[in-house]
Amino acid sequence: MSEASRHRTRFVGLAIGLLFVLMAGRGGYLALSDAPSSSAARPMTAALQQRADIVDRNGELLATSVVSWSLWANPSLIWDGADVAGQLVRVLPDLNEADLAARLSDPKRKFVWVKRGLTPRQRAQIAALGLEGLDFREEARRAYPRGVLAGQVLGYTNVDGQGIAGVELAQEAALQGGAAPVRLTLDIGAQAALEAELATAAMDYDMKGGAAILMDTRTGAIRGMASWPPFDPNRASDTPADDPSRTNRAISAVYELGSIFKPLTIAAALDVGAIKPEDRFQVGQPLLIQGRRISDTHWFAREANAWKILSESSNIGTVQVNYALGAQRQQQFLELAGLTRRAPVGLPGSAAPLVPRRLDEVTAATVSYGHGISVTPMAFLLAFSALGNDGLMVAPVLVEDEAAPTAEPVRLFSKETAHLVTEMMRQTVVGGTARRAEVPGYRVAGKTGTAEKPVPGGYAKDRNVSSFAAVFPADSPQYALIVTLDEPKAIEDGSMTAAVNAAPVAGRIIERVAPLLEVDPRFEDLRPASTPPQTLSQNRSEL
């Protein structure tokens with residue numbers, strides 16, 4: 001071999017060796033670099049964007065965006081996809097190894113996602129593996145610093161940062177790329193109180209579910225909206241689609257709410273002059289309507305006026321009041337009060353009511369005391385809150401300073417009727433079925449409701465929905481509250497009625513939220529000494 005040939009051979013060998021060094025270096029760079037390796041392999045996505053924060057009415061942070069890392073791969077640069085998949089699964093055990101191996105073994109693919117939303121520790125562990133064809137991408141991930149607080153209300157986003165539930169979906173346009181935070185009407189202190197007392201009720205009564213809503217009667221501002229079981233939006237991807245915690249029972253579940261309908265029936269009849277407050281009705285014997293027997297839970301008198309009918313929660317008396325109102329005017333009232341349509345709450349998932357096709361003699365009677373019609377707690381509270389706002393029903397508001405114009409209030413009752421029925425409900429708390437909801441100083445006016453749950457062929461005797469609806473302070477109402485407990489179990493003497501579960505839960509909520517919302521207490525109308533004190537749970541939640 002000539003000297004020139006030997007030089008050419010050494011040159012070719014050196015070039016080949018240098019090429020292997022460059023390839024090895026390139027592989028190491030691909031494994032550890034924070035930037036995509038080439039324009040051909042780079043995922044076609046927009047620049048990192050910060051989604052606007054969500055805050056409560058006082059600016060307390062409820063949702064924000066934080067930086068996270070996601071792992072992607074270029075299969076065309078991976079020599080052994082099965083080996084890479086096996087090593088990755090040891091760091092990320094939730095991955096499907098067989099599926100990942102198949103995707104990483106396709107040399108025609110330039111880009112596949114491996115895992116979105118890595119923790120810093122996971123990123124460091126993967127980088128330390130030194131695997132070829134992998135890269136990291138910086139992304140914005142949604143975080144909810146208060147965990148389950150207002151979880152169903154806030155909703156959550158998908159991995160691409162798009163809202164798919166709750167406020168995150170309803171306010172998508174304002175949140176996407178927005179600089180200013182979306183400010184809700186929720187008060188974080190009131191929200192925490194509602195959730196804490198629902199959690200306590202769950203422990204006390206072993207209930208299936210529950211909801212509570214607190215609303216400003218004059219402006220419609222929602223100060224608290226809670227649903228139990230609680231939902232953590234930080235763990236949305238880990239929560240099964242059919243998990244009951246995903247349901248916002250305040251707006252997405254419909255119930256026959258029972259006797260909390262009675263104040264509305266009496267107010268409607270009073271307002272059109274169908275009855276007078278002191279008119280007396282026979283309540284000593286059950287009614288028989290088309291073969292259906294309507295009776296009361298307890299005997300209390302042979303005859304009673306509207307005051308006594310309400311304070312003793314008489315089905316017999318309410319049906320006779322509704323006779324005077326008439327089915328046609330009853331139907332008109334239900335439609336005017338929004339109880340025949342979805343509540344306009346500004347959140348996805350507001351459920352439609354279940355209403356009778358027509359109000360015949362039987363359905364008109366049962367609807368008057370809250371059976372045979374199923375509505376959401378939110379829809380009911382909107383109508384009920386008119387009793388605390390001089391007879392005007394205002395639209396609910398969940399976002400402060402929202403650009404959309406607020407709907408005009410709807411007059412359900414005259415000012416005089418609203419005040420009169422509120423006085424009746426005050427007497428129901430002071431000396432009637434709702435005594436355990438009384439809170440010294442805050443003049444609670446409200447009504448209990450216990451409804452057997454409908455089942456095929458009738459109603460379940462051992463499954464109830466217990467509710468309490470109230471306005472306070474009774475002499476100048478500022479807030480309306482509803483508490484609904486789904487299938488609470490019996491306590492004390494075996495009772496499952498709202499008087500022994502929903503009413504005391506509502507009382508504890510009012511006791512906590514009234515000072516937070518700067519409601520002035522007044523103590524000149526303390527409850528009578530004969531009224532039993534409300535029993536405070538020994539299992540108070542720390543929420």
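This report describes the overall make-up, the pocket and cavity, and the salt bridges of a predicted protein model.

**Overall make-up**

The protein has 543 residues, and 53% of them are buried. Its secondary structure consists of 17 helices and 18 strands. Among contacts with a separation of 6 or more, 72% are between residues 24 or more positions apart. The exposed surface of the protein comes to about 24300 Å², with carbon and sulfur atoms supplying 54% of that area.

One example of residues separated in sequence is the pair His419 and Gly388, which are 31 residues apart along the chain and have C-alpha atoms separated by 7.7 Å. His419 belongs to helix α16, which covers residues 415-431. His419 has 37% relative accessibility and therefore counts as partly exposed.

**The second largest pocket**

The volume of the second largest pocket is about 940 Å³. Its lining holds 33 residues, and those nearest the centre of the pocket are Ser259, Thr297, Asn315, Thr450 and Thr497. Sorted by class, 15 residues of this lining are polar, nine are nonpolar and nine are charged.

Which strands each supply at least two residues of this lining? They are β12 (292-294), β16 (445-455) and β17 (458-472). The largest share comes from β16, which gives five residues to the lining of this pocket.

**The cavity**

The structure holds one cavity of 30 Å³ or more. The largest cavity has a volume of about 70 Å³. The residues lining the largest cavity include Phe261, Leu264, Asn322, Phe333, Leu339 and Val367. Four elements, α10 (262-271), α12 (315-325), α13 (327-336) and α14 (361-368), give two or more residues each to this lining. The lining of the largest cavity has eight nonpolar and four polar residues, but no charged residues.

**Salt bridges**

The count of salt bridges is 24. Three of the pairs are set out below, with the N to O distance of each.

| Pair | N to O distance | Burial |
|---|---|---|
| Glu60 and Arg146 | 3.0 Å | Glu60 partly exposed, 34%; Arg146 partly exposed, 38% |
| Glu139 and Arg137 | 3.3 Å | both buried |
| Lys461 and Glu452 | 3.7 Å | Lys461 exposed, 66%; Glu452 partly exposed, 26% |

What does the salt bridge between Glu60 and Arg146 tie together? Glu60 lies in the loop between β1 (54-55) and β2 (61-73), while Arg146 lies in the loop between β4 (134-143) and α5 (151-154), so this pair connects parts that are 86 residues apart in sequence. Glu60 has a relative accessible area of 34%, between the cut-offs of 20% and 50%, so Glu60 is partly exposed.

Is Lys461 buried or exposed? Lys461 counts as exposed because its relative accessibility is 66%, over the cut-off of 50%. Its partner Glu452, with a relative accessible area of 26%, is partly exposed. In the pair of Glu139 and Arg137, by contrast, both residues are buried.

Salt bridges also link a group of five named residues into a network: Arg249, Lys453, Arg463, Asp486 and Glu487.

Definitions and conventions:
Residues are numbered from 1 along each chain as its sequence is written. This is a predicted model: local features need pLDDT of at least 70, side-chain atom pairs count only at pLDDT 80 or more; totals for chains, interfaces and linings use all residues. Side-chain values use heavy atoms; hydrogens and water are left out. Buried means under 20% relative accessible area, exposed over 50%, partly exposed in between (1.4 Å probe, protein chains only). Contact means heavy atoms within 4.5 Å. Accessible areas come from the Shrake-Rupley method with a 1.4 Å probe; for residues, only the protein chains shown count as cover. On a 1 Å grid over the protein atoms alone, a cavity is a set of points where a 1.4 Å probe fits but cannot get out, and a pocket is an open set with protein on both sides within 12 Å along at least five of seven lines; lining residues have an atom within 4 Å of a point. Grid points are joined across faces, edges and corners, and a volume is the space filled by probe spheres set on the points. Ala, Val, Leu, Ile, Met, Phe, Trp, Tyr, Cys and Pro count as nonpolar, Asp, Glu, Lys and Arg as charged, and the others, Gly among them, as polar. A salt bridge is a side-chain nitrogen of Lys or Arg within 4 Å of a carboxyl oxygen of Asp or Glu.
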